Each structure stands twice: as C-alpha cells, then as structure tokens.
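Here is a short report on one structure. It covers the pocket and the nonpolar cores.

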Amino acid sequence: MKWKAIVMATALAGIALGSVVAADGTHDSRIGMMKKIGGATGALGAIAKGDKPYDADIVKASLTTIAETAKAFPDQFNPQSDKTDPEVNPKIWDNLDDFKAHAAKLSTDAETALAQLPADKAAVGATLKTLGASCGACHQAYRIKKD
C-alpha cells in the first residue's frame, strides 16, 4: 500500500520538522505545532469516521506527534516577549501553571492512548473524544477567538 508509506513518511517528517521549528519559540513555531496536532488529529479522525482503514502505524505516529508536541508547546511562550503579542492571550501569564497543566494533560492522554493502543476505528473514536476534551478545555480558556 503506497498511501500507507506516504502517510507514515509525512508523519515522521512532521515530527522531525516540528522538533526543529518548535525550538525557536516564535508565533510561527506555535502555529506550526498546533498544525501538527491538527494533522495528527485529522489522521485519527479519518480512521474513526471510516474514511481511512484502521492502521496501527498511523495511530501510533499520530498519538506520538500529539504527545510530544503538546508536551513542548508551553515552552514556546516567553513572558518577556509575548506579553505584548496581541495573538497571545494575557490570561496565560495570570494562569501559567494551569496553561501548562492543560498541555500536560493532552500529552498524558495521548501517551496513555499510545500505551493502550486503540485497536479499531471505534477505539480510535473514543480516544479522539478524550483528546478533543483536553484540546477544547485549553482552547476555551486560552485561545483568542478571531472574528
């Protein structure tokens, strides 16, 4: 299956690129990290919906991407430079420990799912509900809504 190799290569390249991009802590690196999580979630969603067949390698790669990216995400914020960035919610600085806890929960949820790898599309769907709740809680509290 050629598409499987392409998806795996893309996922692995995303992990490697994300490590490089994430290191600079800029607005663009944060956007890139969220896109990585979105791409990994999209791959899981395609399996959960039945648009793509279940593939353990894709599930592993996606969960690994989410876990690693969520863990590194809070480190991309710098109160010395980001306090004046209109794209960064000032609530982050007032509640930095909570912000970090949200990211840690998403990472832990993904790591837990990885350790108990979802074995079929229904289990992937259940995992997405858990991950989605973690994502949504942080977005609700800290994401700036754009018009």
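## Pocket and cores

The largest pocket has a volume of about 700 Å³. This is a predicted model. In all, 26 residues line the largest pocket. Lying nearest its centre are I31, M34, F73, H139 and R143. Three elements each give two or more residues to the lining: α2 (27-49), α6 (96-115) and α7 (121-142). Of these, α2 gives the most, with 7 residues.

The table sorts the lining of the largest pocket by residue class.

| Class in the lining | Count |
|---|---|
| Nonpolar | 15 residues |
| Polar | 7 residues |
| Charged | 4 residues |

Next, the cores. In soluble globular proteins, nonpolar side chains tend to be buried together. Here the largest nonpolar core holds 16 residues. The residues with the most contacts inside this core are L44, V59, L63, I66, L106 and L131. Two or more core residues come from each of α2, α3 (56-72), α6 and α7. The top contributor is α3, with 6 residues.

What does V59 touch, leaving aside residues up to four places away in sequence? With those not counted, V59 touches L44, I47, Y54, L117, P118 and V124. Both V59 and L44 are on the list of residues with the most contacts inside the largest core.

Another core lies apart from the largest one and has 9 residues. Its members include M33, F99, C138 and Y142.

Three helices recur in this account. The elements α2, α6 and α7 each give two or more residues to the pocket lining, and they also each give two or more to the largest core.

Definitions and conventions:
Residues numbered from 1 in each chain as written. Predicted model: local features only at pLDDT ≥ 70, side-chain atom pairs only at ≥ 80, totals over all residues. Heavy atoms only, no water. 1 Å grid on protein atoms, 1.4 Å probe; cavity = no way out; pocket = protein on both sides within 12 Å on 5 of 7 lines; lining within 4 Å. Points joined across faces, edges and corners; volume = space filled by probe spheres on them. Helix = DSSP H or I, 4+ residues; strand = E, 2+ residues; numbered from the N terminus. Nonpolar A, V, L, I, M, F, W, Y, C, P; charged D, E, K, R; others polar. Core = buried A, V, L, I, M, F, W, Y, C linked by side-chain atoms within 4.5 Å. Buried < 20%, exposed > 50% of the residue type's maximum accessible area, 1.4 Å probe, protein only. Contact = heavy atoms within 4.5 Å.
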